[in-house]
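Work through the exercises below with the structure open beside you. Try each task before reading its solution.

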Amino acid sequence: MRCKLILAGVLCGLLLCGCEDAESSYTSQEEKPQKQTTSAYTQPVEVREYAFPEFLKTAPVGDMLSNVVSPGFDPASVVSYLELSPFKKYNCDRRMLDDYYTFYEDDFVGMVNSDGVLILAPDKYASAEPVAPDLIKLTPPDKGKDPVYFRMKNGFGEILSYEDAVKTEIIAPYSEDTTLKQYALSVRDNTVTQPYDSLDRADPATVVTGKEFSQVYKATAGSRTYYLVLDEYCNITICEAPYAQVRIKVGGEYGECYILDGDDHTELMKMIQSFGSDTISVKPGKDETLDFIQIESGIGSANRTVMTMSPDGFCFTETFAEGVPDNKYFALYPKDTFVDLVNWVNEVVSREYESDE
């Protein structure tokens, strides 16, 4: 009896082992991975696009005085014609510069002030025309004689030669802060501009423009730079100086413009620095058919930087500084840099040339 029990236990154990082996074999077959029959998915490479900035087709080219922030004197704005003379003694036909009235006798012009006091007898000059906010040009009837200039002063005035009428001088106005030295422009012994951090007479040859002027000064106030443009009577037109010039060639089209806003220029310089670059010693091949963008900073000054970049990221940089040898080198930027710069010009600089109409 004991032997039968032992045999039964052994058989039971063998059966259990057989069941476990069968189950293990079945499970192994079920978990075997299937063969991959589909191709792997690849993320497409984004090709960023750029196009020639359309505004460059109409932007003014080569005018460093295009950003006028304060227009000059307009003679028509200070002359009004009268239907009735305000004075019984004089038949005045015009009012000029608020305080002066003109009348004519025997083809000679006379002038009275707003109180009706005669300040110019009608016996020497054929015409009287305002040419500045404080200046009236008196022209003799004899064309061989030079005109003189009447400078208004407290309702009366003084006669000046042309040399005295166009006298200018840079002055340093007094300030409560003696450590702060600022400069203003004086015309005919009157301070006529706000104080600037720097103010110097500029070489007209450095100012690229189609506009006519007699004198030009360059001034700075904070991070801003200005041109003070004077006509022949020292009327001042204030223009914000351009901070850089951009030249772009894309798809066979070429255009150029100035960056006129100091904040835009600062943003551009920070953007270029953020791209990062590697200096390379290998000179890339020259292909004049390639698109390019060129950015020239410091225009009109002794310190200039010119960067010329192609779509492949190659950039040729030239730096020019007074008293220092020119520095020229190649660098390699990420390829997206070119696209970013062209698109930035199209999106940001274009706003500087939007019409106010």
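## Exercise 1: A strand and its two neighbours

V229 stands opposite T237 in β17. The model is a predicted one.

Task: Find which strands pair with β16, and in which sense, parallel or antiparallel.

Solution.

Step 1. Take the pairing with β17 (residues 236-240). β16 and β17 are joined by 5 bridges, in the antiparallel sense.

Step 2. Look at the link between these two strands. β16 and β17 form a hairpin with 5 residues between them. In that turn, C234 has a positive phi of about 70°.

Step 3. Turn to β15 (residues 215-221). β15 and β16 run antiparallel, and 7 bridges join them. T220 has T225 of β16 as its bridge partner.

Step 4. Look at the second link. β15 and β16 also make a hairpin, with 2 residues between them. G222 in this turn has a positive phi of about 65°.

Task: Decide whether strand β16 (residues 224-230) is largely enclosed or largely open.

Solution. Of the 7 residues in β16, 6 are buried, so the strand is largely enclosed by the rest of the structure.

## Exercise 2: An open sheet and two loop residues

Task: Give the order of the strands in the open sheet that contains β12, and name its edge strands.

Solution.

Step 1. The sheet is made of 3 strands in the order β11-β12-β13, with antiparallel pairing.

Step 2. An edge strand pairs on one side only, and here this applies to β11 (168-171) and β13 (190-191).

Step 3. Check one of the pairings. β11 and β12 (residues 184-187) run antiparallel and are joined by 4 bridges. Across this pair, I171 stands opposite A184 in β12.

Task: Compare R188 and D189: what is the phi of each, and is each buried or exposed?

Solution.

Step 1. Place the residues. R188 lies in the loop between β12 and β13, and D189 is in the loop between β12 and β13 as well.

Step 2. Recall the general rule. Most residues other than glycine have a negative phi.

Step 3. Read the angles. R188 has a phi near 55°, a positive value in a residue other than glycine. D189 has a phi near 70°, also a positive value in a residue other than glycine.

Step 4. Apply the cut-offs: under 20% relative accessible area is buried, and over 50% is exposed. R188 has 3% relative accessibility, so R188 is buried. D189 has a relative accessible area of 53%, so D189 is exposed.

## Exercise 3: Two packed helices

Task: Describe how α3 packs against α4.

Solution.

Step 1. Choose the quantities. Two packed helices are described by the angle between their axes and the distance between the axes.

Step 2. Read them off. α3 (residues 262-275) and α4 (residues 336-352) pack at an angle of about 170°, and their axes are 11 Å apart.

Step 3. Name the arrangement. Angles over 145 degrees count as roughly antiparallel, and therefore α3 is roughly antiparallel to α4.

Step 4. List the residues in the contact. D264, E267, L268, M271, I272 and F275 come from α3, while T337, D340, L341, W344, V348 and E352 come from α4.

Step 5. Sort them by kind. The contact has 7 nonpolar, 1 polar and 4 charged residues.

## Exercise 4: Salt bridges

Task: State how many salt bridges there are, then examine the pairs of R247, R151 and K57.

Solution.

Step 1. The count is 12 salt bridges.

Step 2. Start with R247. R247 forms a salt bridge with E296, and their closest N and O atoms are 3.0 Å apart. R247 is in strand β18 (residues 244-250) and E296 in strand β21 (residues 292-297), so this pair ties together parts 49 residues apart in sequence. Both R247 and E296 are buried.

Step 3. Go on to R151. R151 and E158 form a salt bridge, with the closest N and O atoms 3.1 Å apart. R151 is buried, at a relative accessible area of 9%, whereas E158 is partly exposed, at 30%.

Step 4. Finish with K57. The side chains of K57 and E54 meet in a salt bridge of 3.1 Å, N to O. K57 is partly exposed, with 48% relative accessibility.

Step 5. Look for shared partners. E54, K57 and E253 are joined into one network by salt bridges that share partners.

Methods:
Residues are numbered from 1 along each chain as its sequence is written. This is a predicted model: local features need pLDDT of at least 70, side-chain atom pairs count only at pLDDT 80 or more; totals for chains, interfaces and linings use all residues. Side-chain values use heavy atoms; hydrogens and water are left out. Axes are lines fitted to C-alpha atoms, for helices over the stretch in contact, and angles run from 0 to 180 degrees between N-to-C directions. Angles under 35 degrees count as roughly parallel, over 145 as roughly antiparallel, 65 to 115 as roughly perpendicular and the rest as oblique. Contact means heavy atoms within 4.5 Å. Ala, Val, Leu, Ile, Met, Phe, Trp, Tyr, Cys and Pro count as nonpolar, Asp, Glu, Lys and Arg as charged, and the others, Gly among them, as polar. A salt bridge is a side-chain nitrogen of Lys or Arg within 4 Å of a carboxyl oxygen of Asp or Glu. Buried means under 20% relative accessible area, exposed over 50%, partly exposed in between (1.4 Å probe, protein chains only). Two strands pair if DSSP finds at least two bridges between them.
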